[in-house]
Amino acid sequence: MNTLPPDPDPVPATQPTASGRVISAFERITEAARPELWTTLRAVEDVLVDAKAVDERVKAGENLPLAGTVVAVRDVLDVAGQPSGRGVPETSATVVARLTSAGAVVLGKTGAAAISAAWDRTKVGGDGAAVAVALGVVDLALSTGGAVPAALNAVAAVRPTRGLLPTTDVSVYANGLVAAHRALRVMTGGDRTWPADVRLGAGEHPRIAYPADPELGEAAALAFRGVVARLTAAGAVLTPVSVPEDGFDGFDALLLPTVPDHPDIADALADPAGVGHRLAAGTALANLLDVAAVTVPVLPGDRRPFGVTFVTRAFEDQIALDLAAVCTDEPITPYPEPGEDVVVFGAHLRGQPLNARLTELGARFGGPVRTTERYRMVLLDTEPPQPGVLDGGSVLDGERWRLSPAAFERFAETLGAPFVLDRVELDDGTTATAVLCDPATAGPGLDRYESWRGYVRFTSTAGLRGPG
């Protein structure tokens, strides 16, 4: 599955100031009338001092990706100068400091609260951080919770692979994947490094396992079937699996590298999380196993909160984010893992015979690209047929793919003569590494075609064509 979500809405010409966002946050606190959410709520004067400092930094020209973002922190986590005193590693203060360095402003600390912002306030054992996001008081919240509080409050939750942040068991709540992902990029940097061969994508047909009988209400079950149908339409291969009454045995095993009973190992688990659901695998698996988890809300017909969690192997956070984005139609940029982009023009394109050489290496599709007007294609005598890209005077269409360092090296090894890797100029003013051709290569010119797909379409209806 390498389809990209639609382009984001245009960014407003003027962004709200951090000070203005803080004032609206305190107004929303008054409107919501939920004082039980907060164990510590900072004085508005103190928060405004921080916000005005952010506004001054922006005016001075600093690039602050989280400027104007208001944050809440669960009371079991440390904030600089406000230790939790509850046994959670002090390194949790580091991730908060990274947020504030990027322009975020901390509003206060939340505790356990009514389980949902809008549904059945009498239930306890919830997460005030998720509720604060759902009520629109804050833009982001950090917590030790996960899938269930997110689902019951119709917010997104991202729990990264352990060790990618300088603390453990921390989730990010937000009103959308983009906001959570932006915060995650800022906070990333812990005691674990990315494997050189990490997969950045699961290909056009990722394999997803999901519980065959999740014991959901009628409306939630219908909504979950809609998620399954949407993923299937996007190219995923979904397989229902039986889940024992006593937990995850046989379900979480689908993520392990080798399982004799499951020759087709899943790329991800899709787990419904909501009212009356016995698994809540997104939270439990992320806590107990070395995995990543992303939860997104789904709205059933009865309007009760409900969500779906995508669980992937450690360091395959990007795959979980991309699968979740299929359900929300949000544009997700690459996670800040080490990797290198490569632009391809011929048989490595999606749907072409050699595309598997990229997808089997875990490459992530980065979208279509166009070159400047200085290249041309020639037809090579290869099997399967491929074009060679040389200097010329035409615009060419291609695709960008991102690979991990080890995968990039292995891909390069598959390119025999006359192919070479060199820089190509793109029409957006940037350059990128691309599969080009030795300048001495000769072959029939394909000058009338701007893309290899255009040539393939023509030959499929008109037969092979020679030069020109």
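Which backbone oxygen lies 2.9 Å from a polar atom of the side chain of N355? To find out, select N355 in this predicted model, in the loop between β12 (340–344) and α10 (356–359), and display its side chain together with H348, whose backbone oxygen is the one at that distance. N355 has a relative accessible area of 6% and is therefore buried, since the cut-off for that term is under 20%. Widen the selection to the residues that N355 touches beyond four places in sequence, and you will have E204, A347, H348, L349, R350 and W401 on screen.

From that group, keep R350 and add F365: the charged end of R350 sits over the ring of F365, 3.9 Å from the centre of that ring.

Next, turn to the aromatic pairs, of which a search of the whole structure finds seven. Select W194 and Y335, whose ring centres are 5.2 Å apart and whose planes stand at 65 degrees, so that the pair is edge-to-face. Because W194 belongs to the loop between α6 (177–187) and β7 (207–211), while Y335 belongs to the loop between α9 (317–328) and β12, this pair ties together parts that are 141 residues apart in sequence. W194 is buried at a relative accessible area of 15%, and Y335 is likewise buried, at 2%.

For the last stop, select W452 and Y455, a tilted aromatic pair with 5.1 Å from centre to centre and 35 degrees between the planes. These two are three residues apart in helix α12 (residues 452–462), and therefore about one helical turn separates them. Both W452 and Y455 are buried, and adding Y449 and F458 to the selection completes one aromatic cluster.

Definitions and conventions. Residues numbered from 1 in each chain as written. Predicted model: local features only at pLDDT ≥ 70, side-chain atom pairs only at ≥ 80, totals over all residues. Heavy atoms only, no water. Helix = DSSP H or I, 4+ residues; strand = E, 2+ residues; numbered from the N terminus. Buried < 20%, exposed > 50% of the residue type's maximum accessible area, 1.4 Å probe, protein only. Polar contact = N/O pair within 3.5 Å; in protein donor to acceptor, adjacent residues only side chain to side chain. Contact = heavy atoms within 4.5 Å. Phe/Tyr/Trp six-rings, centres within 6.5 Å; stacked < 30°, edge-to-face > 60°. Lys NZ or Arg CZ within 6 Å of the ring centre and 35° of its normal.
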